[in-house]
Every structure is written in C-alpha cells, then in structure tokens.
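This report looks at the overall build of one protein chain and then turns to its interior. Please keep the sequence and the structure at hand while reading.

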Amino acid sequence: MKCAGDIEARQVDEMAINIDPIQVGGRLTADAMKAVIAYGDGYSVCDNCRKPFRLDYIKSPPIADFHADLASWLSMDACRLVPGARRGFQAVCQGLVSKGDPVILTALSHYTEFLGVESAGGLPREIPKNTENRITADAAAETIERVIRDDGKTPSLLFVEGVDYQYGNHHEIKEISRVAHSYDIPVLYNGAYTVGILPVDGKALGVDFVIGSGHKSMAAPAPSGLVATTDEYAETVFATTAVKGDQTGRTFGIKEVAMMGCTLMGVTVMGMMASFPHVKERVLRWDEELAKSRIITDALLSIEGTTILSEMPRRHTLTRIDTRDSFDRVAATHKKRGFFLSSALSKMGITGVIPGATKIWKFNTFGMTMAQAEYTADAFREIATENRLSLSD
C-alpha cells in the first residue's frame, strides 16, 4: 500500500512485533494518530492564539493546561515542550553554562548531551562507569573533586541519565543529586527512556531539571520532548527576550529566547497531548512491563553461550545482550552469515533487531502484550534449536 507516489505506507507495528530499542516507547496511540490527521497542518494549533502570543498560553486546544499538567505530573514547577530531548539539553546549557565552564556528564551519556554542552562552549568531563556499567555517587564525587582540582572551577551543571541508552541500567540519581548539590551544582536528569514509561518524580529524585523525549517514550510524533524545572531555575532557562531593533525599535514581548519563541506546533504537540492520558495510565503498570521483559531475557539466557550485559535482574525493558558465543557462532557458518538472525525473526513476525547483528545488540520489550512476550521468547528458543544451539531448562 502506498501513501502517495512512491511513498510506501509504513506498517511496522501493524504487521510485526517490534523490539527496536529506541522505537517502542514512542509508538503512537490511536488517539495520537487521530490528532495527527486532524492537526497535520503547521499552524493548526494557532487558530486561537491570542496575546501574549506564545504556545504555552494557548487555551484552545488546551495547550496551556497541558504544560501545567506535565509539570505537576513530574513533580516539577514549570515545563516547556521542545523538539526532542536534545533541544532540552541545549536550552538548559544555554541558560547555565558559560564558555570554558566544565560540565559533568557520564561515561554513558548520549552524544546529544555532549553537543548540548559544546553548543554553550562548555567543557565535557565524564563520570566513569563501574564494572557493572552503573554510575555511582562515589564516582560522581570523585569526578567533581578531580574537575575542580584540574580545571580550577566548580562545574556549572551535572547530567545524569535516569536509564542509559546503552544498557538500560538505573543509576544512583538521588545520591548523585545530593553529592552535586553539596557543591551547589544543579542536576539535569535525562529521562529520555523513563519519562512516559515509568513513574518519574523530579522532586523526590532531587534533580533540578527533567528532560523527556516525546518520540522515544511518550507515544508522540517526532521531534518532540519536554524540559521541566523548578522555580529556582525557571526564570534563567526560560528567560524572555530583552533585545530591541536598533532601526525599528521593535521588541518581542514575552518570547522565550531558549525556546526561540514558540516550540512545538501542529502535529507534534497535539499528538503528545492526545497520548498523555494513556501515558499517565501506562506508567502505573511498569511492573507488568518488567515481568514481560523477564520472560524474554530468561528465554535468551536459556540459550547456550548467551549472556546479558545489562544489570540483572532487569529493571528496565531495554536490554543489551551478548550473543558472540551463541548466535554469532551460528553466523560464522550460516549461508546468510550475520543476517540469519534478523531474517529468522522476520519470518516469525518479529522486527527491530539490526540486520547483521549477532554479536552485541539491544532490544526493548516495552508495550508488548503477555502473549507477544511469550511468543517472542519461544521464537528465540526455536531459532536456537533450529541452529543446533542447546537450551537449558
């Protein structure tokens, strides 16, 4: 089926069980799909935009209420929508980081966190991960001391991932926040893989900023995301324009500099809003998601030579796996080489594993039904058996 011309209709989630590590939390709800159709035009939410002419003040559709609801839901004081988590990183750095400032990231930080620091002229300094691929408060404290000693400055900001994108591991957020605050360093919580799929309480975590990704974890169209903060930092990060045209004398009201005036319009904001009631409800069923994830990790661990590189037992649905001594051993002599695994999964209606990947790869089980989880677990076992890999009980 085609949308138009040579554009094929995308039917990945309609036709297969998708375990792509970065896609499953952003899968649109039916309500979001309806909103996409209704608000596809670029300025479709601006019909009722009145003074002071800013997105987060629009009452119909209820975009203003949505901003307030998001802040409350995350237990923060203020929230703005942004075109993806990366633009949230950039906005915070723009407000807090000056040229030459050291900024703490982690050995598991996403590249866009580095770019956010670089865009403000900051100097990235990393907290090393431990042997279990986790970021600890002790390592954060040692890193802060090292940076102060070597750079001669206290870092202006510390990034930490709620769950990192490589292993899906949880880190010592509360403890790291306490350490950072003892040096008066504000903390940015990267919730790209947590906000929208499991409960996140910014104040309970003790962080100063919560960043979320709409298209990764909030069942929203791309590019979409959010940046939430406390009253202490809201005026800094959401500072309004102060410039004036030197010829015309024009000023620009309450437009926010870091937001470039208005941020999400049309389909992105309306898709995010339409999914929000479902997102609020689904985070309360996180234990069910973990139970389904464990069915599949247990099946994979039953295959000889397979190990899980993420922390165990699993506390997130994104998992990094090592199959160098199982599926990759099969690939060495298989006529399809490394593509045999994704090919076999595809025949069974499962997609999302990178074609050719049989060494170290990731998958994400979020949003599956229990029947799909059991089917996927059986599929991995069946592929292993067909390729003469032994199974344990």
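How much area does the protein chain expose, and what share of it do carbon and sulfur atoms supply? In this predicted model, the exposed area of the protein chain is about 18000 Å², and carbon and sulfur atoms supply 52% of that area.

The secondary structure of the chain consists of 15 helices and 14 strands. Its radius of gyration is 23 Å, which is close to the 21 Å given by the globule rule for 393 residues, so the chain is as compact as a globular protein of that length. Among contacts with a separation of 6 or more, 67% join residues that lie 24 or more positions apart. Further values for the whole chain are set out below.

| Property of the protein chain | Value |
|---|---|
| Box filled by the C-alpha atoms, along the principal axes | roughly 75 × 55 × 35 Å |
| Residues that count as buried | 53% of 393 residues |
| Distance between the mean positions of the 43 positive and 49 negative charges | 5 Å |

In soluble globular proteins, nonpolar side chains tend to be buried together. In this chain the largest nonpolar core has 54 residues, of which Leu158, Val210 and Leu226 touch the most other members. Helix 11, which spans residues 266–282, gives the most to this core, contributing 6 residues. Apart from this core lies another one of 29 residues, including Ile303, Ile308, Ala373 and Leu389.

Beyond its neighbours within four places in sequence, Leu226 is in contact with several residues, among them Leu70, Leu74, Val195, Val210 and Met272.

Definitions and conventions. Residues numbered from 1 in each chain as written. Predicted model: local features only at pLDDT ≥ 70, side-chain atom pairs only at ≥ 80, totals over all residues. Heavy atoms only, no water. Helix = DSSP H or I, 4+ residues; strand = E, 2+ residues; numbered from the N terminus. Rg over C-alpha atoms; globule rule 2.2 N^0.38 Å. Buried < 20%, exposed > 50% of the residue type's maximum accessible area, 1.4 Å probe, protein only. Contact = heavy atoms within 4.5 Å. Areas by Shrake-Rupley, 256 points an atom, 1.4 Å probe, with all protein chains shown as cover. Lys, Arg positive; Asp, Glu negative; His and termini not counted. Charge placed at Lys NZ, Arg CZ, Asp CG, Glu CD. Core = buried A, V, L, I, M, F, W, Y, C linked by side-chain atoms within 4.5 Å.
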